[in-house]
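Visitor: I'm new here, so could you walk me through this one?
Guide: Happy to; here it is.

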Amino acid sequence: MTKIDGGKTRVAAAVSVVAVLGVVAACGSNDGGPGVSGDTASKVDITRSAAGDITAHGGAKRLAGDQTQAIADSIQRSKAKNVILIIGDGTANQELTLARDYQWGAGGQIPGIDQLPLSGDYTTYALDKNTKKPDYTTDSAASGSAWATGTKTYNGAVGVDVNGKAQRSILEIAKANGRKTGNVTTTELQDATPAVQVAHVAQRKCYGPVATKEKCASDALENGGLGSITEQLLAARADVTLGGGFKTFQEVAGAGQYAGKTLEVQAKERGYQMVRSGEELDAVKDAGQDKPLLGVFADGNLPRLWGKATATKEGGKEPAVTCSPNPEFAATPKLETMTKKAIDLLGGDKGFFLQVESGSVDKANHDADPCGQIGETVQLSEAVTAALDFAKKDKDTLVIVTGDHAHTSQIVETGSVTPGLTRTLNTKDGGLLTVNYGTSLDPGEEQHTGGQVRIAAYGPGAANVVGVTDQTDPFFYITDVLGLDRAKK
């Protein structure tokens with residue numbers, strides 16, 4: 001059993017897999033040829049689609065044969081130069097299954113996501129702020145704070161513990177250790193998941209100076225705090241930051257060096273190169289601490305890739321629908337494009353830590369919108385594929401893919417009478433698939449659920465995701481895999 005950080009966090013999965021598979025014999029040497037360092041994982045067949053006709057004997061099986069050696073070959077050394085952490089907000093197994101069944105077929109595979117060779121589950125509970133006891137259904141702020149800082153906290157908290165004390169994030173520690181850093185999302189840059197890597201506030205809605213004075217006054221610059229999420233984002237100075245939330249950049253700082261100036265002006269005076277379109281993003285050739293990249297492509301969240309098909313109380317009686325593109329997406333940069341650009345700009349001798357989020361799987365789930373939800377899972381798949389393609393060539397990059405919490409969508413029998421809201425879809429297989437949202441009868445009010453969430457990985461240190469771990473574990477093994485000094489300022 002491997003002990004990390006004084007035994008506070010234990011990751012047993014890697015050792016148990018090694019014991020079972022005899023990995024030392026399989027990939028313990030460094031004789032893989034120039035630049036390979038014993039990494040044979042890129043030669044492993046990681047296809048996970050059905051073998052053939054799913055009505056025939058053996059046609060639905062996904063494994064090409066015994067996987068013992070293949071899994072052994074996928075367990076690589078435990079140090080990496082780069083880590084790419086990819087989050088599907090509100091994406092647990094039921095969301096992945098829904099997307100797979102609709103877009104790729106029941107026997108198909110989700111590109112990238114299903115190809116990750118090592119996987120497990122992690123627990124996601126938060127803490128009650130008052131009692132300090134478990135809160136079994138987390139929100140994105142508490143869950144994101146857990147993996148970003150290694151510390152459980154209360155729902156709504158961003159980068160602080162249950163007592164309100166700031167906790168350093170992976171991104172902050174990586175930067176202090178001389179690594180390049182990136183933060184990419186399809187939501188507002190101030191939203192919980194991107195915020196946990198760059199900010200420390202008592203309440204997740206403290207996007208700018210206005211909300212901060214009202215909702216978490218002690219964090220306001222005027223009161224000696226670190227400032228709003230956006231102000232802290234600018235101070236954190238990641239090398240690459242891409243997402244939405246331009247509206248908040250129009251707010252005016254109330255104190256500090258940039259008092260009386262908008263946050264957009266502040267960003268430019270701090271040396272950020274700000275881009276507002278996909279075309280401008282394409283034109284960026286480099287980004288670093290002398291001119292970090294800040295791409296803000298929408299006033300709020302980025303538009304969803306696919307149009308809405310909201311579930312209803314009478315959804316079981318309505319005709320099945322086929323999802324279609326969202327015309328509002330237009331020229332919005334896709335998550336895949338932003339991910340590729342971030343990797344390109346961050347790559348180099350220093351090594352990097354990059355967090356990427358497909359954030360509106362969650363938001364469409366709240367809206368009881370299966371088409372919007374599946375489209376954003378398609379975006380997640382494309383981003384994972386881009387990261388995996390890079391990692392397989394680079395051979396020094398750990399890719400981790402997970403969700404932050406479970407959600408409400410469930411696949412139910414078509415034609416059945418169920419409580420909640422439903423919508424039936426026409427699938428890739430030519431069948432009918434009915435989705436139920438049962439935590440509210442009002443679209444926009446669907447709630448998170450408390451299930452554990454899948455986590456999967458490829459590359460050096462990937463074995464740490466195997467088995468059941470906790471949401472705080474990634475903080476420790478990511479910083480260890482990167483060889484970071486967690487105390488370095």
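**How sure, and how do we know?**

Guide: This is a predicted model. The average pLDDT for the protein is 91, and 91% of the residues reach at least 70.

Visitor: What makes you wary of residues 1–39?
Guide: Their pLDDT stays under 50, on a scale that runs from 0 to 100. The model does have 59 contacts beyond four places in sequence for residues 1–39. Still, where pLDDT is low, the predicted coordinates should not be read in detail.

Visitor: Which residues does UniProt list for "binding site"?
Guide: An unreviewed UniProt entry lists Asp89, Asp191, Thr193 and Glu357.

Visitor: How do you know that they gather at one spot?
Guide: They span 269 residues in sequence, yet no two of their C-alpha atoms are more than 11.0 Å apart, so one spot it is.

Visitor: Let's take Asp89. Why is Asp89 called buried?
Guide: Buried means under 20% relative accessible area. Asp89 has 3%, so Asp89 counts as buried. You'll find Asp89 in the loop between β3 (82–88) and α4 (93–104).

Visitor: What makes the link between the side chains of Asp89 and Thr193 a polar contact?
Guide: The cut-off for the N or O atoms is within 3.5 Å, and this pair of side chains comes in at 3.1 Å. Beyond four places in sequence, Asp89 is also in contact with others, including Glu357, Asp404 and His405.

Visitor: And Asp191, is that one buried or exposed?
Guide: Buried: the relative accessible area of Asp191 is 4%, set against a cut-off of under 20%. Asp191 sits in the loop between β7 (180–188) and α7 (192–195). Leaving out residues up to four places away in sequence, Asp191 touches Arg204, Tyr207 and Lys363.

Visitor: How do you know that the side chains along strand β4 alternate?
Guide: Look at the two faces. Leu118, Gly120 and Tyr122 point to one face and are buried, while Ser119, Asp121 and Thr123 point to the other and are not. In a regular strand the side chains alternate between the two faces of the sheet.

Visitor: What makes β4 and β16 a pair?
Guide: Pairing takes at least two bridges, and β4 and β16 (residues 453–458) have five, in the antiparallel sense. At one of those bridges, Tyr122 is partnered with Val453. With β17 (residues 467–470), β4 pairs in the parallel sense over four bridges, and there Thr123 has Asp470 as bridge partner.

Note on methods
Residues numbered from 1 in each chain as written. Predicted model: local features only at pLDDT ≥ 70, side-chain atom pairs only at ≥ 80, totals over all residues. Heavy atoms only, no water. UniProt positions renumbered as here; feature names shortened; annotations may be inferred. Helix = DSSP H or I, 4+ residues; strand = E, 2+ residues; numbered from the N terminus. Buried < 20%, exposed > 50% of the residue type's maximum accessible area, 1.4 Å probe, protein only. Contact = heavy atoms within 4.5 Å. Polar contact = N/O pair within 3.5 Å; in protein donor to acceptor, adjacent residues only side chain to side chain. pLDDT = per-residue confidence, 0-100.
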